[in-house]
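Please study the sequence and the structure shown below before attempting the exercises. Each task is followed by a solution in steps.

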Amino acid sequence: MSEDDKKIVAKQVTKRFELETSSKEKIKNLFKPASQKDDNGFWSLKGVSFEVGAGEAIGVVGLNGSGKSTLLNVVSGIFPQTTGDVEINGDTSIISIGAGLKMNLTGRNNIEFKLLMMNFNHKQIKELMPQIIEFSELGDFIDQPVKSYSSGMRSKLGFSIMAFTDPDIMIIDEALSVGDSTFASKSFDKIREFKKQGKTIFFVSHSNAQVKEIADKIIWMHYGELREFGPTDEVMPHYEAWQKDFKQKSQSERDAYVAEKKKAQREFSYTDAATQQVDEELAENPNAKQFDSEADKESYIQKLAKKMAKRGGKLRFGWINLLVVIALFVGVGYATYDTLTEAHQERVQTQQRKEQKAKQKREAAKKESSKTDANTMYGNSSN
């Protein structure tokens, strides 16, 4: 495949997520130096590499939690990768069940909103709107809030918008697995049309039949790893054989297998990512790097891992966090003290004003009383 024909090139792509912990543990972790921080990371992708050319339809298969959606979110730019490189040559559009749809807007308003976000002008939107609505088969429901739609209706709307926005790279994430067979058939025809136009398509589905019908090649994701990548007629038999074998295991055996794989995803590290990258570079070009010994190679890997961790964000915190928190406490404390001082002064002044008014009332009452007494005495003396 020539460089010009490559639409997507992924090299040793990883994605690390921070698992949620209790608020107490988060606060304790905040004050720890970087080297002592608890590692709550989970590696959804563990060094994925592949190349996809123009006009290829790629089926992405694997069990739930294998990293399919994470991979496609990285390719589409929704998630940044933690390490590795992703080169995209073209505009991408991702379609999943309800992806990017605003639940409180109507279907019609969602069409207009998404097209505006894709830099379509009002004239273009006016021309495309009837075509999108007709293709979606939503009828009068197009003017109802999307939150009232079924998953199949949201899928229809999402696919219909994508079908008329003409992206170079289309990512369809299980969107057609919930629609009716008639719409799915029409959508497959549209996908075939896109393939003839030289568009690159990623298709995720738990339906092996759908994948085999659409895909030229298969990416088999397996708990963060790319287990196989190749022509559909080669990879799918391997995947289906593995599925059959896995289903024949007892529930306890399946649970143990999944637990082991999830544990490996938690224990994966930046050092592992750096090791994989170096090994891949040496495999592609043995003369790319020369190491005098295994110790030199290990030293290089550790330095690379540290750089990766810094870029990934793990080493950006620690004492900096502590200084930021202290500064926040000082700032909040000063602001609070200043506010309390002003409030206290205001209360004192208010109290002083009240006392002054009370004093004035007492003096006025005393004067009035004295005046009344004087008048009374004058009246008695006159009589």
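The exercises below treat sheets, buried elements, rings and backbone angles in turn.

The model is predicted: local features need pLDDT of at least 70, side-chain atom pairs count only at pLDDT 80 or more, and totals for chains, interfaces and linings use all residues. Residues are numbered from 1 along each chain as its sequence is written, and side-chain values use heavy atoms, with hydrogens and water left out.

**Exercise 1. The open sheet**

Task: Determine the strand order of the open sheet of three strands, and explain which strands stand at its edges.

Solution.
Step 1. Fix the terms: helices (H or I, at least four residues) and strands (E, at least two) are DSSP runs, numbered from the N terminus. Two strands pair if DSSP finds at least two bridges between them.
Step 2. Read the order, which is 2-1-4, with antiparallel pairing.
Step 3. Find the edges. Strand 2 (41-53) and strand 4 (83-88) each have a single partner strand, so one side of each is left without a neighbour in the sheet.
Step 4. Give the turn between neighbours: on average, neighbouring strands of this sheet are turned by 20° against each other, direction ignored. Here axes are lines fitted to C-alpha atoms, for helices over the stretch in contact, and angles run from 0 to 180 degrees between N-to-C directions.
Step 5. Examine one pairing. Strand 1 (residues 6-18) and strand 2 run antiparallel and are joined by ten bridges. Within strand 2, Gly53 is the bridge partner of Lys6.

**Exercise 2. A strand with two parallel partners**

Task: Establish whether the residues of strand 3 are buried or exposed, and how strand 3 pairs with strand 7 and strand 8.

Solution.
Step 1. Apply the accessibility classes: buried means under 20% relative accessible area, exposed over 50%, and partly exposed in between (1.4 Å probe, protein chains only).
Step 2. Count the buried residues. In strand 3 (residues 57-61) five of the five residues are buried, so the strand is largely enclosed by the rest of the structure.
Step 3. Separate the two directions: Ala57, Gly59 and Val61 point one way, while Ile58 and Val60 point the other way.
Step 4. Identify the partners. Strand 3 pairs in the parallel sense with strand 7 (residues 200-204) over four bridges, and Ile201 is the bridge partner of Ala57. Strand 8 (residues 217-222) also runs parallel to strand 3, joined by four bridges, and Gly59 has Ile218 as its bridge partner there.
Step 5. Recall the general principle: strands of a sheet pair through backbone hydrogen bonds, either parallel or antiparallel.

**Exercise 3. The surroundings of helix 2**

Task: Describe where helix 2 lies and why it is largely enclosed.

Solution.
Step 1. Locate the helix. Helix 2 (residues 68-75) lies across strand 1, strand 2 and strand 4, and runs at about 60° to strand 2; contact means heavy atoms within 4.5 Å.
Step 2. Count again: seven of the eight residues of helix 2 are buried, so the helix is largely enclosed by the rest of the structure. Among them are Leu71, Leu72 and Val74.
Step 3. Look past the helix end, where Gly77 follows with a positive phi, near 90°.

**Exercise 4. A pair of rings**

Task: Classify the ring pair formed by Trp242 and Phe246.

Solution.
Step 1. State the rule: rings of Phe, Tyr and Trp (its six-membered ring) pair if their centres lie within 6.5 Å; planes under 30 degrees apart count as stacked, over 60 as edge-to-face and the rest as tilted. By this rule there are 17 aromatic pairs.
Step 2. Apply it. The ring centres of Trp242 and Phe246 are 4.9 Å apart and the planes stand at 10°, so the pair is stacked.
Step 3. Place the residues: both lie in helix 8 (residues 232-248), four residues apart, about one turn of the helix.
Step 4. Check accessibility. Trp242 is buried at 12%, and Phe246 is buried at 11%.
Step 5. Widen the view: ring pairs link Trp220, Tyr223, Tyr239, Trp242, Phe246 and Tyr257 into a cluster.

**Exercise 5. Positive phi**

Task: State where Asn119 and Glu137 are found and what their phi values are.

Solution.
Step 1. Begin with the background: most residues other than glycine have a negative phi.
Step 2. Consider Asn119, whose phi is positive, near 70°. Asn119 is in the loop between helix 3 (107-117) and helix 4 (122-136), and is exposed at 70% relative accessibility.
Step 3. Consider Glu137, whose phi is positive, near 60°. Glu137 is in the loop between helix 4 and helix 5 (151-163), and is partly exposed at 38%.
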